[in-house]
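Take a look at the protein shown here and turn it around a few times. Then read on for a short tour of some of its features.

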Amino acid sequence: MSQRLLSIDKTLYEILTEPPSRGFKLHGLRVEYSSRSGECALAPDIDLFWQIYMQIQTLKSRKLIRREEDPSGGGILFLEPRFWGYPFNIVDGLFLERRS
C-alpha cells in the first residue's frame, strides 16, 4: 500500500461523511464545524476558514474529493468513491491544536 496516512480532524470527517451524496461548500463546512465545537466554541473566523481550506486542498490533491461549479456561483465539493477506503488518521481537535 503506497498511500500515506493523512490526519483529518474528527469533527470535519464526521461532517463530510454524514450525507455522502450531498455536495458541500467551504463556508458551510466552516460554519458547521464552528457550531459543533462545543465548549471550545470557535467563531467561524478567517483562521478556521484557512485551516479547513488547507485540509480540503490536501484531500483534493489526493483525489479524494472533487470540485464542480455551482450554477449560483462558486464551487461545490463532492467526496470521491476512493475517499471511503482511504486510511485516515482521525484526530480529535486537530484544528484546535493548530490555533493555540
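The largest pocket holds about 160 Å³ of space. Keep in mind that the model you're looking at is predicted. Which residues line this pocket? They are Lys25, Leu26, His27, Tyr53, Ile56, Gln57, Lys60, Arg67, Gly74, Gly75 and Leu77. Two or more of these residues come from each of H2, H3 and strand E3 (75–79). H3 gives the largest share of the lining, with four residues. As for chemistry, the lining is a mix of four nonpolar, four polar and three charged residues.

Now for two of those elements, the helices H2 and H3. H2 covers residues 26–35 and H3 covers residues 46–61. Their axes come within 10 Å and cross at roughly 120 degrees, and the crossing is right-handed. On the H2 side, the residues that meet H3 are Leu26, Leu29, Arg30, Tyr33 and Ser34. On the H3 side, you'll find Ile46, Leu48, Phe49, Ile52, Tyr53 and Ile56. Sort the residues of this contact by type and you get nine nonpolar, one polar and one charged.

Here's how the two sets of residues split up:

| Set of residues | Nonpolar | Polar | Charged |
|---|---|---|---|
| Lining of the largest pocket | four residues | four residues | three residues |
| Contact of H2 with H3 | nine residues | one residue | one residue |

Next, a couple of single residues. Asp70 sits in the loop between strand E2 (65–69) and E3. Is Asp70 buried or exposed? Asp70 counts as buried because its relative accessible area is 14%, and the cut-off for buried is under 20%. If you skip its neighbours within four places in sequence, Asp70 is in contact with Lys25, Gly75 and Ile76. Lys25 and Gly75 also appear in the lining of the largest pocket.

Glu14 is found in helix H1 (residues 10–17). With a relative accessibility of 32%, Glu14 is partly exposed. How far apart are Glu14 and Ile90 in space? C-alpha to C-alpha, Glu14 and Ile90 are 9.8 Å apart, although 76 residues separate them in sequence.

Finally, zoom out to the whole chain. The chain has four helices and four strands, and from the N terminus on they run β-α-α-α-β-β-β-α. The chain has 100 residues, and 41% of them count as buried. Look at contacts between residues at least 6 apart in sequence, and 59% of those join residues at least 24 apart.

How values were computed. Residues are numbered from 1 along each chain as its sequence is written. This is a predicted model: local features need pLDDT of at least 70, side-chain atom pairs count only at pLDDT 80 or more; totals for chains, interfaces and linings use all residues. Side-chain values use heavy atoms; hydrogens and water are left out. Axes are lines fitted to C-alpha atoms, for helices over the stretch in contact, and angles run from 0 to 180 degrees between N-to-C directions. A crossing is left-handed if the near helix is turned anticlockwise from the far one by less than a right angle, and right-handed if clockwise. Contact means heavy atoms within 4.5 Å. Ala, Val, Leu, Ile, Met, Phe, Trp, Tyr, Cys and Pro count as nonpolar, Asp, Glu, Lys and Arg as charged, and the others, Gly among them, as polar. On a 1 Å grid over the protein atoms alone, a cavity is a set of points where a 1.4 Å probe fits but cannot get out, and a pocket is an open set with protein on both sides within 12 Å along at least five of seven lines; lining residues have an atom within 4 Å of a point. Grid points are joined across faces, edges and corners, and a volume is the space filled by probe spheres set on the points. Buried means under 20% relative accessible area, exposed over 50%, partly exposed in between (1.4 Å probe, protein chains only).
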